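Hi,

Here is the structure I promised to pass on. Have a look first, and my notes follow below.

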Amino acid sequence: MTTRYKTRAFVFKKNDANESDRVFSVFTDDFGRLDIFAKAIRKNASKLRSGIDIFFVSEIEFIQGKIKKTLTDAVATKKFGNVYCDLEKFEIANKIAEVLDNFVKGEQKDKDIFNLLDETIERLNGQVKNKQLVYYYFLWNVFSLLGYHCEVQNCANCHEKLNPRSIYFSAKEGGIICEKCFSNDKSAKIVNSDIVKILRIILSKDWQTLSKLKVEPAYQKMLSEISENAFNSFCPS
Ligand SMILES: [Zn+2]
């Protein structure tokens with residue numbers, strides 16, 4: 001007898017296969033990441049079509065075959081319409097998908113990642129002043145959940161108190177480092193106390209404060225650079 005599995009899934013990637021099939025990469029409530037084969041879903045008559053698409057949260061049902069998992073039912077529970085209508089929001093959703101695709105490879109249940117993902121996309125879909133901060137909120141918190149916690153209180157290497165006039169971000173040491181430790185890691189990027197403040201707010205998951213924050217363009221650029229640096233340094237592949 002074939003076992004059917006049912007779970008809630010966030011869809012972060014889709015690839016067409018064969019003439020009318022599609023493979024969805026989803027992050028689920030019960031199994032972590034799954035890659036699911038949807039047979040004939042691109043045909044107009046497919047009953048699965050309306051229930052699953054990129055950036056939906058769907059209740060899905062699938063069967064486990066010898067090699068692949070096949071989708072048997074899908075009901076969309078959240079469609080995040082604003083993410084589709086706003087190019088910047090859509091691009092941020094794609095960046096979040098890229099993080100998931102690169103950092104989450106196998107099946108491993110992680111309720112915290114699912115909740116963070118759900119919360120992040122809800123925020124992105126809602127009224128938000130600085131949309132890029134939604135991405136950084138997701139990125140640095142998902143790094144923490146994946147075991148790359150960023151040290152922002154004391155120096156990540158020597159644990160001394162940080163002097164706000166001379167601080168750096170070191171992906172190698174996993175956080176902010178002091179001037180003395182910078183001499184041992186010249187790849188570290190210079191930052192300032194505002195960046196550390198933003199990272200502290202992000203990591204304490206204080207969205208209320210973060211959403212009201214006005215970030216100078218130069219600081220936003222700095223945040224973008226260290227985020228990219230962390231992404232590339234922590235990325236498993
Ligand atoms: Zn130090």
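Helix α3 lies across β1, β2 (21-28), β4 and β5, and runs at about 60° to β1. Keep in mind that this is a predicted model. Helix α2 also packs on strands: it lies across β1 (4-17) and β3 (32-38), at about 105° to β1.

The strands themselves make a barrel: five of them close up in the order β1-β2-β3-β5-β4, with mixed pairing. From one strand to the next the twist averages 50°. Within that barrel, β4 (residues 57-64) pairs with β5 in the antiparallel sense, over eight bridges. Val57 stands opposite Lys78 of β5 in that pairing.

Lys78 is also a good way into the charged contacts. Its side chain meets that of Glu122 in a salt bridge, 2.9 Å from N to O. Lys78 sits in strand β5 and Glu122 in helix α3, so this pair ties together parts that are 44 residues apart in sequence. How accessible are the two ends? Lys78 has a relative accessible area of 24%, which makes it partly exposed, and Glu122 is partly exposed too, at 38%.

Strand β5 has another such link, through Lys69. Here the partner is Glu107, with the closest N and O atoms 2.8 Å apart. Glu107 belongs to the loop between α2 (87-103) and α3 (111-125), while Lys69 is in β5 (residues 69-78), and the two are 38 residues apart. Is Lys69 buried or exposed? Lys69 counts as buried, because its relative accessibility is 12% and the cut-off for buried is under 20%.

Helix α3 takes part in one more long-range pair: Glu119 forms a salt bridge with Lys205, the closest N and O atoms being 3.5 Å apart. Lys205 lies in the loop between α6 (193-203) and α7 (207-212), and Glu119 in α3, so the separation in sequence is 86 residues. Lys205 is partly exposed, with a relative accessible area of 40%. There is a network as well: Lys13, Arg33, Asp35 and Asp101 are joined by salt bridges that share partners. The count for the model comes to 17 salt bridges.

Last, the domains. The assignment for the protein chain gives domain 1 (4-78) and domain 2 (150-237). Taken over C-alpha atoms, the centres of domain 1 and domain 2 are 38 Å apart.

Cheers

How values were computed
Residues numbered from 1 in each chain as written. Predicted model: local features only at pLDDT ≥ 70, side-chain atom pairs only at ≥ 80, totals over all residues. Heavy atoms only, no water. Salt bridge = Lys/Arg side-chain N within 4 Å of Asp/Glu carboxyl O. Helix = DSSP H or I, 4+ residues; strand = E, 2+ residues; numbered from the N terminus. Buried < 20%, exposed > 50% of the residue type's maximum accessible area, 1.4 Å probe, protein only. Domains from an automatic or database assignment. Pairing = 2+ DSSP bridges. Axes fitted to C-alpha atoms, helices over the stretch in contact; angles between N-to-C directions. Contact = heavy atoms within 4.5 Å.
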